[in-house]
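You asked for a quick read-through before you open this one up yourself. Here are my notes, in the order I would look at things.

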Amino acid sequence: MTAAEKLAALRAGMAAQNLSAFIVPMADEYQNEYVPAAARRVDFLTGFTGSAGLAVVLQDKAAFFTDSRYTLQAQQQVPGALYVQFDTAEKLPRDWLAAELPHGARLGYDPWLHSVQSIELLRTTVSNAELVPVTQNPLDAIWTDRPVPPAAPVALHGLEFAGEPTEAKRAKIAAALAKQHSDAVVLTDPASIAWLLNVRGGDVPHTPLPLSFALLHVDATVDWFILPRKCDDTVRNALGAAVRCHAPEGFLPQLRQLGARQAKVQIDPAGCASAIADCLMTAGAQLVKADDPCGLPRACKNMTEREGARTAHRRDGAALAQFFAWLALQPPGTVTEQQAETQLEQARTRQNLYCGPSFDTIAGSGPHGAIVHYRATPETNRTLQAGELFLLDSGGQYRDGTTDVTRTVAIGTPTAAMCAHYTLVVKGHIALAGIRFPVGMTGADLDVLARQFLWAAGLDYGHGTGHGVGSYLSVHEGPQGIARRSRTALQPGMILSNEPGYYLPEHYGIRFENLMLVTEPTVPEGGNIPMLGFEVLTLAPLDRALLAPDLLTKPERDWIDTYHARVRATLSEQLDAAAHSWLIAATAPLPTPST
């Protein structure tokens, strides 16, 4: 079917259920950021392939929403004749619906694909319409070639990587439940379940998740609802009798049993599907709304996980050096975006404990670099041309850690404007990386540090400055972040990205990203309050050709030289002769500025 035919078929299905409108989110029943092919309903309907998008379909019009990372991509992929398009920074779907729907309209939604919180906000905002949870998703009825749901095997995540046995983790979370007088918590985030049980899977692209639900009880036992064929006897025996495995079909009946006992059941309204809460409430359970109790402990990496992150970044840095050394030898106009992506993947594949990319590589040459989450395809594949910038944002999943790094390099000779913009981005990165801050500060408190030099020049970027990163889990991990809306206090052991950028549409994009570990609190000499800081984990040179030394202060130049010396010392022994020669030149001290 064409996009227009799909839209017409969906509207016919809506009419059969007497729905005035229907919401199609990029979501699965676990509220994952990255969803398996079987859950990519937005992609099927609209052609949009990004990770964040939502379509709203009325009988006479339709709208598509995404954030600033994907607005340019949406313009290219989503038919403008069929969908009016919005950046969610300017218009939210619920606000558009409130303005477009007439009084008494029936707004349909799949309760498995929307969180409790999102439905509560929708009900409050779209007060003129009746919200209708559907039992049969009308889009699924027309998706006749829908892929089969994933069923990858579960693997144990050993103590040499996890650093803490599952028994200890379960006991801690259960103790927290007891303090709140809760009987159980519904775990709907597969990353939380993977962390809690020290297991990993392969159901989601780039993230080693076993898709499943779980109930953790106050006695520290777990009922785990997962396809039986995913777990062999090795996994079951390692987990022991306190972790009871059930087929997914047993999940709702157990929720109803909890309801029948009027149990106090904790859910995370931001991540729990509305269908789960509806089932519990209908059955008589007492709902306790609270954050996922595994979220914060998972974010604060233990000592084993911290050291794993360091070693993973050392190997990842070697792969990056091998790649950039190769790229430096290629004449402009001879390498395409996809060839560069393949070359980098081959360099990573040669590293120990490498399991695959942590997300789809962003290899954007020239104007493609201005598309924040660009993905090269055979149709868009550009050649890296002289006088252009090349933005490469990539990451790896290693058994001992997850990496995410962005470097922007000049192909040939850059312009003065390119150098000025690049240097402003780097100055912001350095300001954030070198800050010391009091215990209790959030990412929102620090976000401005990375933007200040761009702001002074009347420039900015539309995405957050940093996101949390998991330990051989999701490359985008909450609750920590560095953005205007990040309200979680930063704590030792958290890993975050530091990635300011600048994007000039139709010309180029610039982003400079390292991962950083929040350090243990110390009281500086002469101070009287404990302070936190950051340890930079990523090891890859800046592009010296893009730095404008006259725009850098001496402390900033010293930071770059010190960082480069560390990169050189750490990576040199891992490289072949050609890459080592490249690294020596790439990390040479900066020249003294002319003024």
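The points below go from the whole chain down to single residues.

1. **What you are looking at.** Keep in mind that this is a predicted model. The protein has 595 residues, and its radius of gyration is 25 Å; a compact globule of that length would come out near 25 Å, so the two agree. If you want a feel for the dimensions, the C-alpha trace spans about 75 × 55 × 45 Å along its principal axes.

2. **Helices, strands and contacts.** There is plenty to scroll through: 19 helices and 29 strands. Take the contacts between residues at least 6 apart in sequence: 69% of them join residues at least 24 apart. As for burial, 56% of the 595 residues count as buried.

3. **Surface and charge.** The protein exposes about 23,200 Å², with carbon and sulfur atoms supplying 55% of that area. On the charge side, I'd note 48 positive and 60 negative side chains, and the centres of these two sets lie 3 Å apart.

4. **Strand β10, an enclosed one.** Have a look at residues 213-217, which make up β10. Why call this strand largely enclosed by the rest of the structure? Because five of its five residues are buried. Generally, side chains in a regular strand alternate between the two faces of the sheet. In β10, Phe213, Leu215 and His217 point one way while Ala214 and Leu216 point the other way, and all are buried.

5. **The neighbours of β10.** Which strands does it pair with? One is β8 (residues 184-187), which runs antiparallel to β10 and is joined to it by four bridges. Another is β11 (residues 222-225), also antiparallel and again over four bridges. Leu215 is a handy place to see both pairings: its bridge partner on the β8 side is Val186, and in β11 Leu215 is partnered by Asp223.

6. **The turn after β10.** β10 and β11 form a hairpin, with four residues between the two strands. Stop at Ala220 in that turn, where phi is positive at about 75°. Most residues other than glycine have a negative phi.

7. **Strand β24, covered on both faces.** This strand takes in residues 495-498. Ile495 and Ser497 sit on one side, Leu496 and Asn498 on the other, and all are buried. β24 pairs with β27 (residues 514-518) in the antiparallel sense, over four bridges. Within that pairing, Asn498 stands opposite Asn514.

8. **Met418 in helix α16.** You'll find Met418 in α16, which covers residues 416-433. Is it buried or exposed? Met418 has 6% relative accessibility, so it counts as buried. Beyond its neighbours within four places in sequence, Met418 is in contact with Gly387, Glu388, Leu389, Tyr508, Ile510 and Leu546. Also worth a click is Leu504: it is 86 residues from Met418 in sequence, yet their C-alpha atoms are 9.9 Å apart in space.

9. **Glu556, a buried acidic residue.** Glu556 belongs to helix α18 (residues 554-571). Its relative accessible area is 8%, so Glu556 counts as buried. Which residues does Glu556 touch? Leaving out those up to four places away in sequence, the list is Lys427, Ile430, Phe453 and Leu551.

10. **A cis peptide bond.** Most peptide bonds are trans. The one from Gly478 to Pro479 is cis, with omega near 5°. Pro479 is part of strand β23, which runs over residues 477-482.

11. **Two loop residues with positive phi.** Gln31 is not a glycine, but its phi is positive at about 60°. Gln31 lies in the loop between β1 (21-25) and α2 (41-46), and with 24% relative accessibility it counts as partly exposed. His181, likewise not a glycine, has a positive phi of about 60°. His181 sits in the loop between α8 (166-179) and β8. With a relative accessible area of 59%, His181 is exposed.

Methods
Residues numbered from 1 in each chain as written. Predicted model: local features only at pLDDT ≥ 70, side-chain atom pairs only at ≥ 80, totals over all residues. Heavy atoms only, no water. Rg over C-alpha atoms; globule rule 2.2 N^0.38 Å. Buried < 20%, exposed > 50% of the residue type's maximum accessible area, 1.4 Å probe, protein only. Contact = heavy atoms within 4.5 Å. Areas by Shrake-Rupley, 256 points an atom, 1.4 Å probe, with all protein chains shown as cover. Lys, Arg positive; Asp, Glu negative; His and termini not counted. Charge placed at Lys NZ, Arg CZ, Asp CG, Glu CD. Pairing = 2+ DSSP bridges.
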